[in-house]
Amino acid sequence: MSAPRHHPEEALLAAHVAGALSAIAAVPLATHLAYCPDCRARAKALEAIGGEVLEAARPAALGADALERTLRAIDEAPAARPTPPRPAGDPRLPEPLRALVGRALDDVPWRAFGRNFALAEIAAEAGAELVLLKMAPGAAMPAHRHDGHELTLVLAGGYADAAGAYRPGDFACADAATEHAPIADADGECLCLVMIQDQPRFTGWFGRLLQPFLRI
Amino acid sequence: MGYALAIESWPRAVARPVARPQHRPVSERPTDSLDPATQAALLARVARAGDRAAFGALHGHFAPRVKAYLLRRGAGAAADDLTQEAMVRLWRAAGRYDPAQASVAAWLFAIARNLWIDALRRDLRPALDPDEPGLVPEAPLAPDAAAFQADRAKRLKAALRGLPTEQREIVELCYFAELSQSQAADALGIPLGTVKGRVRLALARLRAELEPVR
């Protein structure tokens with residue numbers, strides 16, 4: 001697989017490296033890093049700055065016995081903190097997405113809408129949802145906008161929109177100013193991870209078709 | 001510094017809210033600073049010989065800063081436990097530290113950040129049951145009515161997520177699992193009066209969420 005060509009912008013990657021994103025927004029970022037050696041290097045550089053920020057932080061008060069308790073924890077369970085058993089999951093999905101989905105892609109509760117699309121909600125938090133989206137080969141999604149941000153990571157196949165061609169590992173961020181109309185590549189099904197913030201504003205038949213499935 | 005600017009400029013909508021900044025300019029470093037070379041030497045002693053005095057010096061310097069970072073991220077009461085876990089990991093992974101790759105501070109920052117992201121992810125609520133009948137319209141509606149219903153369902157869903165756990169649990173049992181209130185009391189092992197009280201509180205709160213836009 002070739003390296004991804006579409007990457008998160010610096011501010012978004014920095015926010016992820018800083019641990020400043022919500023749990024759901026962090027998933028497409030972390031999964032993109034699994035695909036992208038370039039962004040792993042960028043993240044490492046940002047971590048170096050994180051180290052400086054840590055040095056400059058005003059120290060918070062610890063309990064008087066904090067060191068003692070930490071040493072006790074080190075003594076008590078030297079081997080009792082094994083890495084948790086690798087959760088079941090689809091080997092086609094990279095971590096941390098694999099663990100979060102926790103099952104084979106075929107066993108995910110897909111909800112079809114129309115003949116060309118299927119969607120599975122895998123996690124939710126206030127104001128945002130994380131979904132897997134399947135598009136049939138050549139399927140065209142009607143133009144839509146969003147009230148909030150939409151983070152997309154291609155997992156299999158590909159699609160194209162006005163911003164270019166997206167292949168596995170490619171990352172896209174759309175905001176309220178973006179209207180886009182992705183078309184799945186003709187040579188296979190396209191699978192994407194999408195963080196939807198608030199609601200995409202679809203209109204017409206497509207919106208009516210989609211809304212019950214998003215349960216909005 | 002540029003880093004903080006980059007984070008703050010990212011739309012609040014995607015970033016989690018942060019507590020009041022607790023940073024001071026790098027130029028005003030506290031006098032208790034350990035210089036990076038000393039930090040690396042201390043960590044090497046931990047890795048080589050399990051040197052507790054060396055670890056103690058690193059702990060004294062870094063643990064309060066790790067806690068400050070976690071508090072700023074919003075860890076609240078979990079900050080002490082997460083700080084301890086970060087320092088335990090620093091000890092355990094000391095042998096893998098490579099000074100050519102990163103400063104001790106950057107390395108520990110990444111450890112603490114990963115712990116924080118893991119903690120956030122553990123708290124993720126799984127998506128509501130997609131077959132939940134109360135949230136799916138019964139029949140096709142006129143476009144206006146559909147939009148209204150959609151908005152209302154969306155707000156209800158958000159309001160449900162915002163309920164305290166014990167209220168949400170009750171609403172799910174009584175309204176979604178279609179248990180009677182006494183069945184729910186049995187299922188949870190709490191008195192019927194407590195169930196009724198929690199249902200009342202939860203519904204008052206959901207109504208309050210939905211009221212303003214009726």
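How many bridges join strand β6 of chain A to β9(A)? Two bridges do the job, and β6(A), residues 159–161, runs antiparallel to β9(A). Keep in mind that this is a predicted model, where local features need pLDDT of at least 70, side-chain atom pairs count only at pLDDT 80 or more, and totals for chains, interfaces and linings use all residues. Residues are numbered from 1 along each chain as its sequence is written, chains are lettered from A and ligands numbered from 1 in the order in which they are written, and side-chain values use heavy atoms, with hydrogens and water left out.

**How sure is the predictor about chain A?**

- Chain A has a mean pLDDT of 83 (pLDDT is the predictor's confidence in each residue, from 0 to 100), and 85% of its residues reach 70 or more.
- Among the elements of chain A, β9(A) has the highest mean pLDDT, 96, and helix α6 (residues 204–214) has the lowest, 44.
- Helices here are DSSP runs of H or I with at least four residues, strands are runs of E with at least two, and both are numbered from the N terminus.
- Over residues 202–216 of chain A, pLDDT stays under 50, and the model has 36 contacts beyond four places in sequence for them; contact means heavy atoms within 4.5 Å.

**The three-stranded sheet**

- In chain A, three strands make an open sheet in the order β7-β6-β9, with antiparallel pairing; two strands pair if DSSP finds at least two bridges between them.
- β7 (164–166) and β9 (183–184) of chain A are the edge strands, each pairing on one side only.
- Y159(A) sits opposite A184(A) in β9(A).

**The six-stranded sheet**

- Another open sheet of chain A has six strands in the order β1-β2-β3-β10-β5-β8, again with antiparallel pairing.
- Its edges are β1 (111–113) and β8 (171–174) of chain A, and the twist averages 25 degrees from one strand to the next.
- Six bridges link β5 (residues 150–156) to β10 (residues 190–197) in chain A; V154(A), for instance, has C192(A) in β10(A) as its bridge partner.
- Helix α2 (residues 23–35) of chain A packs on this sheet and touches β2, β3, β5, β8 and β10 of chain A.
- The direction of α2(A) makes about 40 degrees with that of β5(A); axes are lines fitted to C-alpha atoms, for helices over the stretch in contact, and angles run from 0 to 180 degrees between N-to-C directions.

**Helix packing**

- Within chain B, the axes of α3 (residues 52–73) and α5 (residues 104–122) come within 11 Å and cross at roughly 40 degrees.
- α3(B) and α5(B) are therefore oblique to each other; angles under 35 degrees count as roughly parallel, over 145 as roughly antiparallel, 65 to 115 as roughly perpendicular and the rest as oblique.
- Residues making this contact include F62(B) and V66(B) of α3(B), and L108(B) and W116(B) of α5(B).
- Across the chains, α4(A) and α3(B) pack at about 130 degrees with their axes 11 Å apart, which makes α4(A) oblique to α3(B).
- In that contact, A66(A), L67(A), T70(A), L71(A), I74(A) and D75(A) of α4(A) meet R52(B), F55(B), G56(B) and H59(B) of α3(B).

**A cis peptide bond**

- E95(A) and P96(A) are joined by a cis peptide bond, with omega about 0 degrees.
- P96(A) lies in the loop between α4 (66–76) and α5 (97–101) of chain A.
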